[in-house]
Amino acid sequence: MKNTENKKVYIYDGSYQGLLTALYQAFKLREVPIKIVAQAEFKDDLFYQQVEVKTENEKAQFFSDQIKEHISAQTLNNIFHAYLSEAEKMELYIFRYLFTGFKVGKKVDEFLTKDYVRQVQDLAHKVRHESHRLKGLIRLQEAAGGKYYAAVEPDYKTLVLMAPHFKNRFSTMDWIIHDKKREEAVIYSAAEKEWLVIDLEKEFEPELSNKEKDVQQLWQAFFSAVSIKNRSNPRTQRQFMPKKYWKHLIESPGSSRKFKIK
Amino acid sequence: MELQKKLEILSDAAKYDVSCSSSGSSGRGDGSSLGNTKAAGICHSWTDDGRCVSLLKILFTNYCIYDCHYCVNRASNDRARASFTPEEVAKLTVDFYKRNYIEGLFLSSAVSRDPDWTMERLLKTVQLLRNKYNYQGYIHLKAIPGADFKLIYQAGLLADRMSVNIELPSESSLEKLAPQKKKAGILAPMKGIGAGIENNIIERKKYKVKDKFVPAGQSTQLIVGASPESDRQIISLSEGLYDHFNLKRVYYSAYLPVNNSSLLPTLPGPPLKREHRLYQADWLLRFYGFKADELLTPGRENFDLKIDPKADWALNNLDKFPLEVNTADYEMLLRVPGIGPRSAAKIVKARKEKTLTHYNLKKMRIVLKRANFFITCDGKYAAAVPFESSVIYDRLAENECQQLSLFGSSSGSDESSKSWDLEKAE
Ligand code: SF4
């Protein structure tokens, strides 16, 4: 693969399928794009040639199968999770990671001295970590009408990673998990037994059921009762449950310390 | 009494019980009912003292007819008392579970009225949960010593895990500090549950019986430091429990002085360090092929608090070291301080291709900090100190001291960080 004179910027629609299509195209045409960016992130760039990639699900699927077959399922997982990080330059790291991957096969994940291999792995790890953490920290509230609602503001685009877990666990309930940062939500219907991602504006807030506040109060009472008062350890508490997630919790961490007599 | 008040009293009374683990999946959850059990336990919150909140851990009641000396709920203690109804507990569990506050319920109880009466209430609660509310989340239930085993067995068909707390490591201490709990009343249900689990596994295989009996296993708890038993007695007891009663876990709980009783020792604080050593030794029994009488022998009754039990064993068996990593068998590699099952397996695999040097081990990401004192690679010994018991002892103790100071300065150790270093203790 040679670097051509006129350097290209690939622009995709921001979806995962879109990214796979763009990657497919680069490999197919043996091009090394100078950048791969989502439409929404793209700022006009006079120096480079712009290539708009039209998302094609068939190509995306084909390429995804190729990665699985010629590199590994693990690699495919890594790039999907790294994609969810929405981090800057993530697309190029993925591109170079795959470039090496197609040469050396599944061993690519051992090439830890390569910056881009580490970057992809680290991003993927961060995304998985947040998703795991939020499986515990998400708080559902009962809305009037019996559906359940949770608001979250995750660092990464983790809704799709969490959805299968909540589907298994709350399969007999109707629920919505709302990513307020990205203005989207996973919505699950018990009747259909299926979930899907929809757009949902930031301001959306359902009316709560009559008994919801009572249950929340019981949870708060439980939470402060189980803290051992004279063994306060805010460091560990924050290490596992960072402050940025406290806003949407029902309990109030640290509240037992306020009454501590020194 | 208001429900919230009850919840405050009965969760406060339960919080010192350490066996909060919700590990072990029972594979419940079929899509037509509420909930499932996850193999890897999920923490839903962290308390202000830094412990993981995973289960709704409560007592059914703290009215107790018994008067165990070490217990806050003993009959002669003057304290706030409350009792739930089975419906209240079931409702609370489901309400919390549906909001993703918890992984499940951990229900224990004092002995109110008599053991059968109490056990019936606990059974009723799990029946409501499983049958009325169609709840398939995790349930850990205490079996009440002295209750009719039929009640315990029925409850076991609905719970994921059951436990009977032995509390005191010997009959004489039990006689002294918990005179009303007869040893038979504790060991009999444990034995019954253990046998029930074993039969159930066979029946499920052979006859395709669907009912699962205590699928996530049984556990127990021992209080450390309230009575005079040595570490040697305690780990021998644990070994017996694992071998004969099919126990999944034994939990150790450093005695926290809660009552003034002339029969109880006065301690400067709960013996957390000792508790930690017991957990490490327990780990060695379950996963490293050690026997209790190798770790401690008559005359050497307690673990060294400065170095871990594995290092302690190695230094007492220095004639078996240094070990040549290129020829030693897997079982012996596992006994080298600092080498765990993963490292041992890596070594066995890698040495088929070539003779391993220290450099190779490092490249394989095997941490040699502690192992170095006990191994040779292709005949070479690479620790920078002479191969002498006292010298190595000092180094290891120093090492451990540094490691401990890395953990939070605010409080000694807490359950969550403790169980973390356990996973890593090699
Ligand atoms: S039976 Fe249990 S609750 Fe009652 S005093 Fe003894 S240890 Fe405490």
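**Figure 1. What packs over helix α3 of chain B.** The buried residues of α3(B) are covered by a set of elements that includes α2 (86-98), β4 (104-108), β5 (138-142), α4 (149-156) and β6 (161-163) of chain B. As with the other views here, this close-up comes from a predicted model. Beneath that cover, the buried residues of the helix are P115(B), T118(B), M119(B), L122(B), L123(B), T125(B), V126(B), L128(B), L129(B) and R130(B). A helpful reminder while tracing them: an α-helix has 3.6 residues a turn, so residues three or four places apart point the same way.

**Figure 2. Helix α3 of chain B from end to end.** This helix takes in residues 115-132, 18 in number. From the first C-alpha to the last it reaches 25 Å, close to the 26 Å expected at 1.5 Å a residue. At its N-terminal end, D114(B) serves as the cap, with a side-chain oxygen 3.0 Å from the backbone nitrogen of D116(B). Look just after the helix for N134(B), which takes a positive phi of about 55 degrees.

**Figure 3. M162 of chain B and its neighbours.** M162(B) sits in strand β6 of chain B. Is this methionine buried or exposed? M162(B) counts as buried because its relative accessibility is 0%. Leaving aside residues up to four places away in sequence, M162(B) touches M119(B), H140(B), L141(B), A143(B), I152(B), A155(B), G156(B), I193(B), V214(B), G217(B), Q218(B) and S219(B). One of these, M119(B), is also among the buried residues of α3(B). P215(B) is 53 residues from M162(B) in sequence, with 9.3 Å between their C-alpha atoms.

**Figure 4. Strand β5 of chain A, covered on both sides.** Now we move to chain A, where strand β5 spans residues 148-152 and five of its five residues are buried. Y148(A), A150(A) and V152(A) point one way, Y149(A) and A151(A) point the other way, and all are buried. In a regular strand the side chains alternate between the two faces of the sheet.

**Figure 5. The partners of β5 in chain A.** With strand β4 (residues 141-142) of chain A, β5(A) pairs in the antiparallel sense over two bridges, and Q141(A) stands opposite Y149(A). The hairpin of these strands has five residues between them, and in it G145(A) takes a positive phi near 100 degrees. With strand β6 (residues 175-179) of chain A, β5(A) pairs in the parallel sense over five bridges, and A150(A) stands opposite I177(A). To get from β5(A) to β6(A), the chain passes through helix α6 (residues 159-169) of chain A in a right-handed β-α-β crossover.

How values were computed. Residues are numbered from 1 along each chain as its sequence is written. Chains are lettered from A and ligands numbered from 1 in the order in which they are written. This is a predicted model: local features need pLDDT of at least 70, side-chain atom pairs count only at pLDDT 80 or more; totals for chains, interfaces and linings use all residues. Side-chain values use heavy atoms; hydrogens and water are left out. Helices (H or I, at least four residues) and strands (E, at least two) are DSSP runs, numbered from the N terminus. The expected span of a helix is 1.5 Å times one less than its number of residues. Buried means under 20% relative accessible area, exposed over 50%, partly exposed in between (1.4 Å probe, protein chains only). Contact means heavy atoms within 4.5 Å. A polar contact is a pair of N or O atoms within 3.5 Å; within protein, one must be able to donate a hydrogen and the other to accept it, and residues adjacent in sequence count only if both atoms are side-chain atoms. Two strands pair if DSSP finds at least two bridges between them. A crossover is right-handed if, with the strands pointing away from the viewer, the path from the first strand over the helix to the second runs clockwise.
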